[in-house]
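Dear colleague,

I am handing over the structure below, and my notes on it follow directly after. Please read them with the coordinates open beside you.

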Amino acid sequence: MRILTNEEVRHAEEQALARAEMSPLTLIQRAGYAAAQFCIAHFKFTRVCIVCGRGKKGGYGLAAAAALRRIAEDVAVIMLAGSAEDLSPEPAAISVQAGLGPLWAANEADLESDDIREAMEADLILDAIMDPGAPLPISGLEKKAVAAINDASGTVVSLDLPSGVDGDSSAPLHERGQDIVFAQGIIAFIAPRPAHVFGDLTPGPVAVSELGVHPALTSNKVELSAITGQEPGVAFPPRSRDSHKSDFGHVLVIAGSRGKAGAACLTGLSALHTGAGLVTVACPESIEATVAGFSPELMTEGLSETPDGAISIEAGDKLEKMLAGKDVVVAGPGFPANEAAAQFVRRLAALCPLPLLLNGNVLSAFAGRCNELKSRSGARALRVLALNSGEAVRLLGVEQPAESRPAMARRIARETGACVALKGHRTVVAGVSGETWVNLTGNPALARGGSGEVLCGMIGAALARRTEAGGSLPVEFTADLISAFRNDLKVAAAVYLHGLAGDLARDMLHENTVIATDLLRTLTDAFRDCELQTDRGLFYLQR
C-alpha cells in the first residue's frame, strides 16, 4: 500500500471521481461506514459524540454518525459552524439526508453550552474537525474544539488524521506541539500518509480504508509503501478446489551444520506451514536423521561434510541433481562462517537457475564481490537477500553507512540485482522492481535465535507458489517489471506475516517467552487476520 502525500491522496480521489467510479457523496458515505466499522471492531461504547468541521472531514463525521446511530444508544453531532449554509456541499447534503439534528457551535463560547458539554461526556468521541492539508497551526474555534476533545474522558478516534497533524511530516508526535488531537485510534482514508507510518501518532490501532479509490494507480513522491494485510491477501489468494501440491511449489532448503540441525528444521517447517507443496531439506549427512525425525512431512538429502560437520565444497557436485524439479532454493540457515561454506554458496549463486534466497553468515562470502550475486544463468532468476544491519554493512564493505535504512536496502538491491529484506525494527524490503516497502509488524520478541530461519522458510514458500499474485499494479510499470514486482510483493507479504505472527505470539504469551516455534503456531491466526482485513476493506498499519 503506497504511502502518499496529502496532495497525492487528493489527486487519487479526483482521478476516481473523474472516472465516474463514484460520486463525492458516495465517497464520503463509504468513509463514514469504514469509520463506524473500525470503531465497532476495537472499542466498546453506548454513547457517541462526533465533532465535525465545515469541510470534507466533517462530512466523514456526519456519515459515521449516520452509521453509528444504528448501533449506539445515543449519537450526538457537534458542528463547528453556525448553520448548514456554512458547510461544504457534501456535509450539508449528508446532514439534511440523515436528519441528525447537530448541535451548532459558531464560536468558542458555544462550546461551553450545557448541551455540548453533556455531548462531550460520551464513551466514544470522533475527531472530524480538520481536513488534511488545512493550514497549521490551528487556531480559534478549531483549537478550542481540539482542547475539548483532549480534555474529555471518552475514547478518541480520529478520522483520516488527528486534527492539527501535518500528514506529510514524519516527525514523531512529541515533536509536533500541543494543538493536536491525541487519539486512541485512527482510521485513515484512501492511503497512508508519512505521519501515519512514521509519526507514532497513537498507541492504538491505525487502519486504512481505500474507499475504492485504487491509490496504487497514483505515483508517490515518498517512494515507499507500507505493508499491510493487503499484500498477503494478494500473494496468497484462496486455493482453488482442484489445487495440486505442485501448484504451491517445491522448496529446497540447503541448511544446517553439526549442532545447528534446528536451523534447517525450522526453515523447512516454516515453508510447509506457509503453504509450500513440498519441502526438501539438504543438510550434512551427520544431521540428516535429526532433520528427518523432526517432522515426517520433510524430505531430506544428505550432503558430504567437512570434519567439523559443515557442508563441504564437494557437495556442490550434487547441485544439478538437487535443483531438478525444485521451484525455489533457500540457502544459509545454520551455515558456519568459514571458507568451505563461502565457496559452496558462491558456486550455488553462480549456477542456480531458480529463485535463490540467501541468509545469514553465507552473505559474508560476497563481501566486496556483490556482482557475483547477480544471476548469470541466463534465466534472469530472482535473488533474495535476508540480512540484518550488521550483515548489510559487511556486504557493502563499509564501516557505517550514513544513509537511512530504506536507502541502504535500495543500495544493496542496486549493487546485487537482488530483492533485499533488511531485517530489524521496521524491516525494509527493496525490490528488483524498484518498489520499496516498510513493515510495521513485529516486536522485540522476535529478537532471538530461529526467528530469521522461520522468515526464510516463509519467503521461500511465498516465492514457490505458481499461482500468480494479482492486485493493482503501479501505474508506471512496464510489462517486463510486472513479474519482478509480483515476486517482490511476495517477499513483502512474507515479511508482514512473520511480524504479525510474532505480534500474535507476544499477545498470547509474553515477549520474554516467545520462541521461534511459537511463530509456526500463530501463523494460522496471522493468515486469518489478513483475510479478515481483506473482507472488511480495513488494512492495518498498527494493531
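Before anything else, please keep in mind that this is a predicted model.

I begin with one pair of strands and work outwards. Strand 14 (residues 383–387) and strand 15 (residues 419–422) run parallel and are joined by 4 bridges, and within this pairing Ala386 of strand 14 has Ala421 of strand 15 as its bridge partner. Across both of these strands lies helix 13 (residues 389–396), which runs at about 125 degrees to strand 14.

The pair belongs to an open sheet of 10 strands with mixed pairing, whose order is 8-17-16-15-14-13-12-9-10-11. Strand 8 (225–227) and strand 11 (299–303) stand at its edges, and because each has a single partner strand, one side of each is left without a neighbour in the sheet. On average, and with direction ignored, neighbouring strands of this sheet are turned by 20 degrees against each other.

Turning to the packing, the largest nonpolar core holds 61 residues, and those that touch the most other members are Val251, Val279, Val281, Val291, Val384, Ile459 and Leu497. Helix 16 (residues 479–508) supplies the largest share of this core, namely 12 residues. If neighbours within four places in sequence are left aside, the contacts of Val384 are Leu356, Leu357, Leu358, Ala418, Cys419, Ile459, Leu463 and Val491. There is also a second, separate core, made up of 48 residues, with Ala65, Leu100, Leu538 and Tyr540 among them.

With best regards

Definitions and conventions. Residues numbered from 1 in each chain as written. Predicted model: local features only at pLDDT ≥ 70, side-chain atom pairs only at ≥ 80, totals over all residues. Heavy atoms only, no water. Pairing = 2+ DSSP bridges. Helix = DSSP H or I, 4+ residues; strand = E, 2+ residues; numbered from the N terminus. Axes fitted to C-alpha atoms, helices over the stretch in contact; angles between N-to-C directions. Contact = heavy atoms within 4.5 Å. Core = buried A, V, L, I, M, F, W, Y, C linked by side-chain atoms within 4.5 Å. Buried < 20%, exposed > 50% of the residue type's maximum accessible area, 1.4 Å probe, protein only.
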